[in-house]
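Please open the model in a viewer and keep the selection tool at hand. The tour below proceeds from one selection to the next.

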Amino acid sequence: MKCGSFTEKILKTLIAVCLLAALCTALLACDKEEEDVRTFEESWMSYISDETLVSEVVMPGSHDAGTHGSKSLWETQHSAIERQLYAGTRYFDFRATTPSSGEEKDVYFFVHADSDMPALVTACGQRVEDTMNAINAFIERNPDEVLILDFQHTWIRTEEGLVDLIENTLSMDRVLTKSECADPTAVTFGKMRELGKNIIIIYKDTSGDICSAHDWLFERSKFLQSDYVGSEHKGDADRLKAQWQTYFNDKKDGVFFVLQSQLTGSPLEGREAMIRPVLDDYLKNTVAGDESKLADINIVMKDFIADDVAECAVSSKEAIHTIISLNADKGNVKADKLEDFKTSCGYDR
């Protein structure tokens, strides 16, 4: 073999190896870049200024949030909590216990029930443990997002086990405590970021001492207002729209304020199709232009928060964007991100 030929082969081999290495590096970089991409809905709170109180920001909320997968007529969400998080939802109405019977009677589920009702197997939705793990993964990926978990109905016979499950499953270092801030409605996004916190847990204390015994549970009756006049929610869209004025009139100071906007009744999807366009118009053309309502608006709670429903002119994404867009009207958005924020959420006012 000639020396030149041998050298040439070595050189070609080295070039091929170098090209292969460069290609692998480029592919890994592309994968990492794609991995790091955040959609607006996933990371919209990163646009919120440090000075904004969590109780001032306008956020989408999920009614009976964990009912996805239940075999009940009252399944108010077709999307799992994971999907709701990535769609932009930041407040979750949770009702959790063990079923009263069945093979999984010792497993905690989210249910659609009140605490004076038995939690039936057929009403069980997502598992609490699975949901807490999904929340952990979401906040690890999105450190600027703040979630309010509102355990608004609990069952005394299972309360201790539920609290233990949350504490043992959720990333507790990311949960705000009373020692860090005695009043969660007074905490700013800047403070949450400084403390490395992403979660505020509001809890309806059935037994009377659960909240006082746990530094990370904030008593619901003190810090959250979520009025519900059932007869008006079971009426038509115009009646519920009129009721919203009463809710605003009755709002207290120093609370997380939940505007309940779901129409109760069967079929639920049909009721959502009726109310969603009315709510969308109300937020854009009434709340946005009313200084008092704009100051008070905080959490807008809905059925099918991340789901499109048949025969409805407003998609779930459009409805969420309308809610989020009110932060521009309230002055909650960082000045250097305002135009990008408006473009991303379709702000048209």
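Begin by selecting lysine 293 and phenylalanine 248: the lysine lies over the face of the phenylalanine, 5.9 Å from the ring centre. The model is a predicted one, and the values given along the way are computed from it.

Next, select lysine 178 together with phenylalanine 218. Here the charged end of the lysine sits over the phenylalanine ring, at 5.8 Å from its centre. Phenylalanine 218 has a relative accessible area of 0% and is therefore buried.

Keep phenylalanine 218 on display and add phenylalanine 223. The two form an edge-to-face aromatic pair, with 5.9 Å from centre to centre and 85 degrees between the planes. Phenylalanine 223 also counts as buried, because its relative accessibility is 13%, below the 20% cut-off.

**Further aromatic residues**

How many aromatic pairs does the structure hold? There are 11. For another of them, select tyrosine 86 and phenylalanine 138. Their ring centres are 5.0 Å apart and their planes stand at 90 degrees, so this pair is edge-to-face. Tyrosine 86 belongs to helix H3 (residues 81–86) and phenylalanine 138 to helix H4 (residues 128–141); the pair therefore ties together parts that lie 52 residues apart in sequence. Is each partner buried or partly exposed? Tyrosine 86 counts as partly exposed, at 33% relative accessibility, whereas phenylalanine 138, at 0%, counts as buried.

Now select Phe92, Phe94, Phe110, Phe151 and Tyr203, which form one aromatic cluster.

**Backbone features**

Switch to a backbone display for the next stops. Most residues other than glycine have a negative phi, and most peptide bonds are trans. Three places depart from this pattern.

Select serine 266 and proline 267: the peptide bond from the serine to the proline is cis, with omega near 0 degrees. Proline 267 is located in the loop between strand E9 (256–260) and helix H11 (268–287).

Move to aspartate 64, in the loop between strand E1 (59–62) and H3. This residue is not a glycine, yet its phi is positive, at about 45 degrees. With a relative accessible area of 1%, aspartate 64 is buried.

Then select phenylalanine 304, found in the loop between strand E10 (299–302) and helix H13 (316–330). Phenylalanine 304 likewise has a positive phi, near 45 degrees, in a residue other than glycine. Its relative accessible area is 1%, so phenylalanine 304 is buried.

**Helix H13**

Finally, select residues 316–330, which make up helix H13. Does the length of this helix agree or disagree with expectation? At 1.5 Å a residue, its 15 residues should span 21 Å; the C-alpha atoms at its ends are 22 Å apart, which agrees.

Helix H13 is mostly covered, with 12 of its 15 residues buried. Among them are Ser316, Ala319, Ile320, His321, Ile323, Ile324 and Leu326. To view their surroundings, display helix H2 (40–43), E1, H11, helix H12 (291–296), E10 and helix H14 (338–344), against which the buried residues of H13 pack.

The last selection is glycine 331, which follows H13 and has a positive phi, near 80 degrees.

Key:
Residues are numbered from 1 along each chain as its sequence is written. This is a predicted model: local features need pLDDT of at least 70, side-chain atom pairs count only at pLDDT 80 or more; totals for chains, interfaces and linings use all residues. Side-chain values use heavy atoms; hydrogens and water are left out. Rings of Phe, Tyr and Trp (its six-membered ring) pair if their centres lie within 6.5 Å; planes under 30 degrees apart count as stacked, over 60 as edge-to-face and the rest as tilted. Helices (H or I, at least four residues) and strands (E, at least two) are DSSP runs, numbered from the N terminus. Buried means under 20% relative accessible area, exposed over 50%, partly exposed in between (1.4 Å probe, protein chains only). A charge sits over a ring if NZ of Lys or CZ of Arg is within 6 Å of the ring centre and within 35 degrees of the ring normal. The expected span of a helix is 1.5 Å times one less than its number of residues. Contact means heavy atoms within 4.5 Å.
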